Amino acid sequence: MNTTQQTQKKLNELFSYYIQELDRYTDEQFVYKETESTWSLAQMYQHIYTASTFFVYNINNCLKHKKGSLEGKKTQMGEMLYKHGGFPKQKIKQPKEWTSGAPEAKSRNECKQQWTTLLKQLQGLAAAIADDSDHYKVKHVIFGMLNSLEWYQQIEMHTRHHLHQKKELEAFVNISVNEFAYKSS
């Protein structure tokens with residue numbers, strides 16, 4: 001299992017990559033939708049951002065011992081997710097009750113501001129997570145009871161999972177893929 005420090009390093013690399021990638025797109029490419037049912041790059045970025053802020057909310061609840069419990073375990077799906085260190089490579093569709101439709105697209109500049117601010121917030125949370133006892137947990141609707149570190153890891157796993165979608169959306173607008181790979185330690 002990754003430690004807080006290892007997860008923070010991965011988040012720094014992954015978020016920095018996504019932020020730098022924003023400079024590769026034109027405004028038109030960023031909002032382009034191949035079909036009505038596909039997302040644009042802008043919508044994908046907003047989805048990742050929104051999900052990450054939800055995960056941060058739950059990290060803070062764990063740290064403050066709010067809206068959770070000292071009891072409970074992960075679900076079978078949660079155990080598998082953390083055992084494998086990430087989501088399966090298949091597409092996952094969010095249940096409709098979790099969302100009010102496609103994410104609202106922001107401009108590249110707004111997106112860059114949001115992601116940069118969130119990255120600083122994630123860096124600031126690392127010390128508190130490292131000092132956390134790991135006993136207090138908040139429920140994830142699919143993965144069960146997660147502690148602050150597991151919610152932190154959820155941000156990295158979820159963001160990494162969307163690299164496949166990013167590549168697909170870039171292909172729709174003829175952008176050459178700039179593959180992401182974690183730097184070796």
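**Exercise 1. Determine how α1 passes α6, and which residues make the contact.**

Solution. In this predicted model, helix α1 passes α6 in a left-handed crossing. To describe the pair further, two quantities are needed, since two packed helices are described by the angle between their axes and the distance between the axes. For α1 and α6 the angle is about 30°, and the axes lie 10 Å apart. Angles under 35 degrees count as roughly parallel, and α1 and α6 are therefore roughly parallel to each other.

The next step is to list the residues on each side. From α1 come T4, T7, Q8, K10, L11, L14, F15 and Y18, and they meet L149, Y152, Q153, I155, E156, T159 and R160 of α6. Sorted by class, this contact of α1 with α6 holds seven nonpolar, five polar and three charged residues.

**Exercise 2. Compare the span of α1 with the expected one, then find its buried residues and the helices they pack against.**

Solution. Begin with the length: α1 covers residues 4–21, which is 18 residues, and from its first C-alpha to its last it reaches 25 Å, close to the 26 Å expected at 1.5 Å a residue. Next, take the residues of α1 that are buried, which are T4, T7, L11, E13, L14, F15, Y17, Y18, I19 and E21. Finally, ask what lies against them: the buried residues of α1 pack against α3 (41–64), α5 (108–131), α6 (148–161) and α7 (163–172).

**Exercise 3. Decide whether L118 and L122 of α5 are buried or exposed, and name the residues that each touches.**

Solution. Both residues can be placed at once, L118 being found in helix α5 and L122 being found in helix α5 as well. The cut-off needed here is that buried means under 20% relative accessible area. L118 has 2% relative accessibility and therefore counts as buried, and L122, at 1%, likewise counts as buried.

For the contacts, residues up to four places away in sequence are not counted. On that basis L118 touches F15, Y49, S52, T53 and V56, while L122 touches L11, F15, V56, Y152 and I155. F15 and V56 appear in the list for L118 and again in the list for L122.

Last, set separation in sequence beside separation in space, using C-alpha to C-alpha distances. L122 and Y49 are 73 residues apart in sequence and 12 Å apart in space, whereas L118 and H161 are 43 residues apart in sequence and 18 Å apart in space.

**Exercise 4. Work out the relative direction of α3 and α7, and describe their contact.**

Solution. The axes of α3 and α7 come within 10 Å and cross at roughly 165°. Angles over 145 degrees count as roughly antiparallel, so α3 is roughly antiparallel to α7. The handedness is then added: α3 passes α7 in a left-handed crossing. The contact itself is made by L41, M44 and Y45 of α3 together with Q165, K166, L169 and E170 of α7. By class, the residues of this contact of α3 with α7 divide into four nonpolar, one polar and two charged.

**Exercise 5. Locate S40, judge whether this residue is buried or exposed, and list what S40 touches.**

Solution. S40 lies in the loop between α2 (27–31) and α3. Its relative accessibility is 1%, so S40 counts as buried. Leaving out residues up to four places away in sequence, S40 touches F30, V31, Y32, K33, A105 and L169. One of these, L169, is also among the α7 residues in the contact with α3.

Notes: Residues are numbered from 1 along each chain as its sequence is written. This is a predicted model: local features need pLDDT of at least 70, side-chain atom pairs count only at pLDDT 80 or more; totals for chains, interfaces and linings use all residues. Side-chain values use heavy atoms; hydrogens and water are left out. Helices (H or I, at least four residues) and strands (E, at least two) are DSSP runs, numbered from the N terminus. The expected span of a helix is 1.5 Å times one less than its number of residues. Buried means under 20% relative accessible area, exposed over 50%, partly exposed in between (1.4 Å probe, protein chains only). Contact means heavy atoms within 4.5 Å. Axes are lines fitted to C-alpha atoms, for helices over the stretch in contact, and angles run from 0 to 180 degrees between N-to-C directions. Angles under 35 degrees count as roughly parallel, over 145 as roughly antiparallel, 65 to 115 as roughly perpendicular and the rest as oblique. A crossing is left-handed if the near helix is turned anticlockwise from the far one by less than a right angle, and right-handed if clockwise. Ala, Val, Leu, Ile, Met, Phe, Trp, Tyr, Cys and Pro count as nonpolar, Asp, Glu, Lys and Arg as charged, and the others, Gly among them, as polar.
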